[in-house]
Amino acid sequence: MLDGRSQVKRRIGARLWLSGGWLALLVLLAIFAPFLAPKDPLAQDLFTSRLPPFWEKGAEAGYWLGSDSLGRDVLSRIIYGSRVALSVALVAGLLTCLIGSALGLIAGYFRGWADLLISRLIDIWMAFPPVLFSILLIAVLGTGLESIIIAIVVIDWTRFARVVRAEAMTQGAMDYVDSARVAGSTRLRTMLTEILPNVLPTIGALLTLEMGIAVIVEAILSFVNLSLSTDYPTWGGMIAEGRISVHQAWWVLVFPLVALFLTVLSFSQLGEGLKDRFDPVLR
Amino acid sequence: MAVTLLGAAIVVFVVIRVVPGNPIVMMLPPNATQVDIDRLSALYGLDKSIFEQFVIWLGGVLKGDFGTSISLRQPVLDLALGRLPATLELSLMALLFAVLIGGVLALTGTRRRQTRTEGAIDIVNGISLSVPDFLWGLLLILLFGVLWPVFHISGRVTPSLDLNFSTNFLLIESLLRLRLDVTGDLLAHMFMPALALSIPLAAVLSQLLKQSLKETLHLDYVTLSRTKGYSENHVILKEALRNAILPTLTLIGVQFTFLIGGTVIIERLFSYEGLGNMAIDAVINRDLPLIQGIVILFALIFTIVNLAVDMTYALLNPRLRHA
C-alpha cells in the first residue's frame, strides 16, 4: 500500500515537471522571441519557398524547420506564434475563471432567483455547439486578439459556473458555514471567506484546463480563418496553411501541430497533477 | 426544455443581427441602387425591428417554415434536413467507435488490473482525454492521409460514384440496397473524422467503466460467483459488467452531445458535407436565416439526446423501472 502511494507520487512529480518545463520554455520563447527567432517571421521570399527541415535533402542553412509556401521561416513563426497562444491562454483563461466562478459562487451559495437565472442561462448555453457559437461571435465582433478573448469568455464561463455552483452548494450545507453565520458574518463575507477558499483548489485545476482549451479555440478560429490577420504568425493559421499543402510540404503542418499538442497536453497534465497534489488523501 | 430552446433561439437571433456587413448588399451587384437594396431587404423582412422579425420568424418555425437561405436561395429547412443525415451518420459512427474502443480498453484494463497493461491503458486514457478532437483529426490526416495514405481525407463520398439514392442516409441506404462498393467508399471517407471524434469520448468511457467495474468486483455477489468456481472472464463479463455499466450509460449521453458539437470543426477539417460545415459557410456568407435554422436544429438535437438518455436510464435502472 505504502509502496503504491510513493509510486503514484513519483508519477505525479514527473508529470508536473515535464508539463511545467514545456510551459516555462514556451514563456521564455514568447518573451525573448525577437532574440531567439532566427529570421523575421513575416519576411516572404519566393526563392526559398517550401524548403524542407535541416536533416532533409535540399534544406538551406538558417531554415532549421523549413519554410512555408511563401518562403517564411517555420521555426521563427512557431516562436512568434507562442506569443498569441500564451496571451490568449492567460488572459482568456483568467477572465473566464473570474466571471464563471463568481456566477457559480453566487448561484450555489445565495440560491433563490439568482440561481434560477444563472442555471437557466447555463442550460441555454449548453444547447449550442461551442465551436459554432465561437465562430458566430467572431463574425459579430470582428477578427483580432480581443475578439477571440471575448468569445472564449462568453462561451466558456459555464464550465466554471457549473462546477463551482455544485461545490458551493455542498459547502454551503456544512456546519462550519452555519457557525460562521451564527458568529455574525454577513452572507457576502461568508461566501468570500468560508466558501471560496474551499472551492479554490477545484477552480485552480479548472483554470489550467481552461488555458489549454483557450489555446485550442484560438487555433480552431485561425484554422477557420477568423482569428488574427493571416500574416501574423499563429499556430492555428500555420496549421490551416499546412493542411492545404500537406502533400507537398508536411513540415508546415507537423511542427506547429507538435507545439500545439505539447502545449495543450501540458496545461491539462499540470491541472491533473495540481489536483492530485492538493488531494489530502495522497498528500 | 421548450424554455431552453426558446432562450437559445432568442440568443442566436439577437447575436446574428448585430453582425456587421449587410447580407443584402452582398447579394446584389455593385451598381445596385438604394431602391433595390430596400426592396430586397423588405422581401427578406430585414427592414422590420428585431422584435417584429423574431415574432414573424417564430410564427414561421411553428408552422415548419424556417425561411429562405440568402446565399443559397432555397428553403432553410430543406437545406438543413438535406445535410442532417450526413452529420447523424458521422456522429453515430463515432459513438460506435467510442463504445467499442472504450469498452475494450476498460475490459482489458480490468482483466489485467495492477499490471503494466493497466498502467499503459491509464496513460493512453490520460493523453486521449486531454487532447481534443480537432488535434486528433489533424494527427490522423498525417498518419492515414500522408504517411500511409489508405483513407480519404476529404469529402463524404467519391463524386464520380453513380448513386441515384432516394434518401441522404447514404450509409444506411447503401447497406439496404446492397451497394457494398458505395458502403466501402463511405466508410473510407468516414473513418478518420469518426475516429477523431471518438477518441476523447472513448477515453472518458474507458476510465469510468474501469472504475465502476473495479468497485463492482468488490461486492459480495461477485465474490460469491467466484467461489462458485466461475472463471475471471465470466465474472467480469456476465456478473460485474451488468451492474457497472449504468453510470457509464448516463455519461455517454452527456458526452454524446459534446461529440455532436465537435462535428462542426471536424466536418470542416475533413471537408465532410454535413450540417456543421454548412453552418460555418453560412456564418462566413452572413446568411442569417440559415445560421438561425442550423443552430436551432443543433439545439433541438441536443435536447432530444438528453431526453433519450433520461428515458433509457429509467428503462435500465430497475429502481426506476417500477416506479
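Modeller: Let's start with a term: a helix here is a DSSP run of H or I with at least four residues, numbered from the N terminus. With that in hand, α10 of chain B is followed by B:G229, whose phi is positive, near 100°. Please keep in mind that this is a predicted model.

Biologist: Thanks! What makes α10 of chain B a helix that lies largely in the open?

Modeller: Helix α10 of chain B covers residues 220-227. A residue needs 20 or more other C-beta atoms within 10 Å to be buried. Of the 8 residues in this helix, the number buried is 0, so the helix lies largely in the open.

Biologist: Which elements make up each chain as a whole?

Modeller: Chain A has 10 helices and 0 strands, while chain B has 14 helices and 0 strands. The C-alpha trace of chain A spans about 75 × 55 × 30 Å along its principal axes, and that of chain B about 85 × 50 × 40 Å. Buried residues make up 49% of the 283 residues in chain A; in chain B, 38% of 323 residues count as buried.

Biologist: Now a single residue. Why is B:L95 called buried?

Modeller: The cut-off is 20 or more other C-beta atoms within 10 Å. B:L95 has 20 of them, so it counts as buried. This leucine lies in helix α5 (residues 76-111) of chain B. Leaving out residues up to four places away in sequence, B:L95 touches B:F256 and B:L259. Its C-alpha atom is also 8.5 Å from that of B:A202, which is 107 residues away along the chain.

Biologist: And why is B:L40 called partly exposed?

Modeller: Partly exposed is the class between 12 or fewer neighbours and 20 or more. B:L40 has 18 C-beta neighbours inside 10 Å, so it falls in that class. You will find B:L40 in helix α3 (residues 34-43) of chain B. From B:L40 to B:L28 the C-alpha distance is 9.1 Å, with their positions 12 residues apart in sequence.

Biologist: Two arginines caught my eye. What makes the phi of A:R111 and of B:R73 worth listing?

Modeller: Each has a positive phi without being a glycine: near 50° for A:R111 and about 55° for B:R73. A:R111 is in the loop between α3 (74-110) and α4 (112-126) of chain A. B:R73 is in the loop between α4 (50-62) and α5 of chain B.

Biologist: How do you know which exposure class A:R111 and B:R73 belong to?

Modeller: Exposed means 12 or fewer C-beta neighbours inside 10 Å. B:R73 has 9, so it counts as exposed. A:R111 has 14, which means that it counts as partly exposed.

Biologist: Let's turn to where the chains meet. How many residues are in contact?

Modeller: There, 32 residues of chain B are in contact with 29 residues of chain A. On the chain B side, α1 (2-17), α6 (116-130), α7 (133-147), α11 (232-269), α12 (275-284) and α13 (288-316) each supply at least two residues. By class, that side has 25 nonpolar, 6 polar and 1 charged residues.

Biologist: Why are α5 of chain A and α12 of chain B called roughly parallel?

Modeller: Their axes cross at roughly 10° and come within 10 Å. Angles under 35 degrees count as roughly parallel, so these two helices qualify. In this pair, A:L132, A:I135, A:L136 and A:A139 meet B:G276, B:A279, B:I280 and B:V283. The contact has 7 nonpolar, 1 polar and no charged residues.

Biologist: Back to α7 of chain B. How do you know how its span compares with the expected one?

Modeller: The expected span is 1.5 Å times one less than the number of residues. Helix α7 of chain B has 15 residues, for which 21 Å is expected, and it reaches 20 Å from first C-alpha to last, close to that value.

Biologist: And what do the buried residues of α7 of chain B pack against?

Modeller: Those residues include B:F134, B:W136, B:L138 and B:I141. The buried residues of this helix pack against α8 (187-223), α9 (235-244) and α10 (251-277) of chain A, together with α9 (180-217) and α11 of chain B.

Conventions. Residues are numbered from 1 along each chain as its sequence is written. Chains are lettered from A and ligands numbered from 1 in the order in which they are written. This is a predicted model: local features need pLDDT of at least 70, side-chain atom pairs count only at pLDDT 80 or more; totals for chains, interfaces and linings use all residues. Two residues are in contact if their C-beta atoms, placed from the backbone, lie within 7 Å. Ala, Val, Leu, Ile, Met, Phe, Trp, Tyr, Cys and Pro count as nonpolar, Asp, Glu, Lys and Arg as charged, and the others, Gly among them, as polar. Axes are lines fitted to C-alpha atoms, for helices over the stretch in contact, and angles run from 0 to 180 degrees between N-to-C directions. Angles under 35 degrees count as roughly parallel, over 145 as roughly antiparallel, 65 to 115 as roughly perpendicular and the rest as oblique.
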